[in-house]
Amino acid sequence: DIPLSPEYARGVKVAPPRFLVREECRERWGHYVCDGRRSITEIAAEFPGFDYSEMVHDEDVFYSDARESDEHCCDRAVRFLQWLNSRPEKCIAVVTHSSFLRHLFGQFGETLKADDRDDLQRLAGNCELRSVVLCSHGVKDGQKVDPLMPPPANPSTVRMGSVYEKPLSM
């Protein structure tokens with residue numbers, strides 16, 4: 001038996017979730033082979049329901065033998081937050097890696113109580129789920145934050161299908 005959502009039980013059609021792939025929230029790159037990625041062409045063949053339309057490079061142009069600096073990873077995390085803040089959705093799930101989260105959350109929490117700050121900034125566990133409410137004002141250290149990548153000219157309409165019905169066409 002598949003549990004039904006309240007919306008489905010009432011006959012309300014709910015758009016399936018969209019799985020959008022972004023380069024900014026990937027693992028810290030360089031030095032370790034496991035921190036590189038395969039080509040988008042290869043990944044898309046294995047995961048065809050994901051939306052890769054905002055990926056600029058098919059190949060992993062960022063990976064090198066040199067480890068990405070902490071400063072660059074932190075800047076990339078802030079740029080990802082800026083993009084995330086520009087999204088119209090009210091609830092977004094982000095799937096990423098522990099090192100990226102450490103660089104992201106390590107920049108915030110200085111006004112929190114020590115226990116709360118430590119909980120926010122701690123290293124994420126494997127497959128850990130965290131719920132966080134973020135508020136971004138488009139600035140860091142008094143400076144406007146520029147996006148890592150420009151917004152797409154034609155946003156994708158790719159959507160994942162539902163387990164309950166055929167995929168909605170847009």
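What follows is a chat about how a few labels in this predicted model follow from the numbers.

Me: Let's start broad. What makes up the chain, in helices and strands?

Reply: The chain has five helices and two strands, and from the N terminus the order reads α-α-α-α-α-β-β. Buried residues account for 27% of the 170 residues. The exposed area is about 12000 Å², with carbon and sulfur atoms supplying 56% of it.

Me: Why is aspartate 35 called buried?

Reply: Aspartate 35 has a relative accessible area of 8%, and buried means under 20%, so the label fits aspartate 35. Aspartate 35 sits in the loop between helix 1 and helix 2. Leaving out residues up to four places away in sequence, aspartate 35 touches Arg26, Glu27, Arg28, Trp29, Gly30, Tyr63 and Arg67.

Me: How do you know that arginine 67 and aspartate 35 form a salt bridge?

Reply: The closest N and O atoms of arginine 67 and aspartate 35 are 2.6 Å apart. The cut-off is 4 Å between a side-chain nitrogen of Lys or Arg and a carboxyl oxygen of Asp or Glu, so this pair counts as a salt bridge. Arginine 67 lies in the loop between helix 2 and helix 3, and aspartate 35 in the one between helix 1 and helix 2, so the pair ties together parts that are 32 residues apart in sequence.

Me: And what is arginine 67, buried or exposed or partly exposed?

Reply: Arginine 67 has a relative accessible area of 30%. Buried needs under 20% and exposed needs over 50%, so arginine 67 falls in between and is called partly exposed.

Me: Which other salt bridges are there?

Reply: A search of the whole structure turns up 15 salt bridges. One of them joins arginine 76 and glutamate 68, with the closest N and O atoms 2.6 Å apart, and both of those residues are buried. Another joins the side chains of arginine 38 and glutamate 46 at 3.0 Å, N to O. Arginine 38 is at 35% relative accessible area and glutamate 46 at 47%, so with the window running from 20% to 50% both are partly exposed. There's also a network of salt bridges linking Glu23, Arg26, Arg37 and Asp60.

Me: What makes helix 4 mostly covered?

Reply: Six of its eight residues are buried: Ser99, Phe100, Leu101, His103, Leu104 and Phe105. The cover over the buried residues of helix 4 includes helix 3 and helix 5.

Me: Which residues touch the most other members of the largest nonpolar core?

Reply: That core has 13 residues, and the ones touching the most other members are Phe80, Leu84, Phe100, Leu101, Leu104 and Phe105. Helix 3 and helix 4 (98-105) are the elements that give two or more residues to it, and helix 3 gives the most, with six. As a general point, nonpolar side chains tend to be buried together in soluble globular proteins. Leucine 101 also contacts Thr96, Gly106 and Ala124, leaving aside neighbours within four places in sequence.

Me: What about the nonpolar surface patch, which residues make it?

Reply: Phe19, Phe47 and Phe50 make a nonpolar surface patch of about 240 Å². Why can phenylalanine 50 belong to a patch? Its relative accessible area is 31%, and patch residues need over 30%, so phenylalanine 50 passes that cut-off. Phenylalanine 50 is in the loop between helix 2 (40-46) and helix 3 (70-85).

Me: Why is cysteine 127 called exposed?

Reply: Cysteine 127 has a relative accessible area of 75%, and exposed means over 50%, so the label holds for cysteine 127. Cysteine 127 is in the loop between helix 5 and strand 1, and has a positive phi of about 60 degrees although it is not a glycine. In general, most residues other than glycine have a negative phi.

Me: Last one: what makes the pair glutamate 128 and arginine 130 a polar contact?

Reply: The side chains of glutamate 128 and arginine 130 are joined at 3.0 Å, and the cut-off is 3.5 Å between N or O atoms, so the pair counts as a polar contact. A polar atom of the glutamate 128 side chain also lies 2.6 Å from the backbone nitrogen of glycine 125. At 29% relative accessible area, glutamate 128 is partly exposed.

Notes
Residues numbered from 1 in each chain as written. Predicted model: local features only at pLDDT ≥ 70, side-chain atom pairs only at ≥ 80, totals over all residues. Heavy atoms only, no water. Patch = residues over 30% accessible without salt bridge, like charges linked within 9 Å, V, L, I, M, F, W, Y side chains within 5 Å. Areas by Shrake-Rupley, 256 points an atom, 1.4 Å probe, with all protein chains shown as cover. Helix = DSSP H or I, 4+ residues; strand = E, 2+ residues; numbered from the N terminus. Buried < 20%, exposed > 50% of the residue type's maximum accessible area, 1.4 Å probe, protein only. Polar contact = N/O pair within 3.5 Å; in protein donor to acceptor, adjacent residues only side chain to side chain. Core = buried A, V, L, I, M, F, W, Y, C linked by side-chain atoms within 4.5 Å. Contact = heavy atoms within 4.5 Å.
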